Amino acid sequence: QVQLVESGGGLVQAGGSLRLSCAASGRTFNRNAMGWFRQAPGKEREFVAAITWRSGNTRYADAVKGRFTISGDNAKNTVYLQMNSLKFEDTAVYYCAADARIYSGYASPLDNGYDYWGQGTQVTVSS
């Protein structure tokens with residue numbers, strides 16, 4: 001089992017920044033990739049960013065490219081999402097997810113590419 005705990009959400013004005021953290025614990029030695037997803041009220045959950053754990057390859061949703069940066073710290077078993085130039089439409093609950101399968105070097109943008117999910121952290125951007 002892998003446990004994921006997100007932190008760092010909050011209220012910020014448009015144009016501001018936040019950094020989300022996701023600490024992984026438990027059975028973390030099989031971990032191909034980590035991802036961030038978000039879900040706004042009344043909308044489907046959507047992919048935000050992902051990173052492969054060994055190589056550090058990243059991928060981003062078009063809506064956040066150039067504004068968000070995903071990174072990982074192997075020693076701390078933690079993945080981060082630095083969010084800059086935040087917009088009102090970035091308001092959502094942000095979820096961390098872990099692909100706990102054997103390393104493949106591929107970071108999926110799909111929900112079913114992940115095995116474990118955190119409880120979510122609220123990000124609210126005021127206009």
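Modeller: Ala, Val, Leu, Ile, Met, Phe, Trp, Tyr, Cys and Pro count as nonpolar, Asp, Glu, Lys and Arg as charged, and the others, Gly among them, as polar. With these classes, the lining of the largest pocket has four nonpolar, two polar and five charged residues. The model is predicted: local features need pLDDT of at least 70 and side-chain atom pairs count only at pLDDT 80 or more, while totals for chains, interfaces and linings use all residues. Residues are numbered from 1 along each chain as its sequence is written, and side-chain values use heavy atoms, without hydrogens and water.

Biologist: Which residues line the largest pocket?

Modeller: R38, Q39, A40, P41, K43, E44, E46, F88, E89, T91 and A92 line the largest pocket. Its volume is about 160 Å³. A pocket is an open set of points on a 1 Å grid over the protein atoms alone where a 1.4 Å probe fits, with protein on both sides within 12 Å along at least five of seven lines, and lining residues have an atom within 4 Å of a point. The volume is the space filled by probe spheres set on the points, which are joined across faces, edges and corners.

Biologist: What makes the pair R38 and D90 a salt bridge?

Modeller: The N to O distance between their side chains is 2.9 Å. The definition asks for a side-chain nitrogen of Lys or Arg within 4 Å of a carboxyl oxygen of Asp or Glu, so the pair qualifies. R38 lies in strand β4 (residues 33-39) and D90 in the loop between β8 (78-83) and β9 (92-99), 52 residues apart. Strands are DSSP runs of E, at least two residues, numbered from the N terminus.

Biologist: Why are R38 and D90 called buried or exposed?

Modeller: Buried means under 20% relative accessible area, exposed over 50%, and partly exposed in between (1.4 Å probe, protein chains only). R38 has 5% and D90 has 1%, so both count as buried.

Biologist: How many salt bridges are there in the whole structure?

Modeller: The search finds seven. Among them are D62 with K65 at 3.2 Å and R101 with D115 at 3.4 Å. R101 and D115 both lie in the loop between β9 and β10 (116-117), 14 residues apart. At 38% R101 is partly exposed, and at 35% D115 is too. Through shared partners, salt bridges join R38, E46, R67 and D90 into one network. D62 and K65 are exposed.

Biologist: How do you know that C22 and C96 form a disulfide?

Modeller: Their sulfur atoms are 2.0 Å apart, and a disulfide is a pair of cysteine sulfur atoms within 2.5 Å, so the pair counts as one. The structure holds one disulfide. With -80 degrees about the S-S bond, it is left-handed. C22 is in strand β3 and C96 in strand β9, 74 residues apart.

Biologist: Why do C22 and C96 count as buried?

Modeller: The relative accessible area is 0% for C22 and 0% for C96.

Biologist: What makes up the largest nonpolar core?

Modeller: It has 35 residues, and those with the most contacts inside it are M34, W36, V79, L81, M83 and Y94. A nonpolar core is a set of buried Ala, Val, Leu, Ile, Met, Phe, Trp, Tyr and Cys residues joined through side-chain atoms within 4.5 Å. Strands that each supply at least two residues of this core include β1 (2-7), β5 (46-52), β7 (68-73) and β11 (121-126).

How values were computed. Helices (H or I, at least four residues) and strands (E, at least two) are DSSP runs, numbered from the N terminus.
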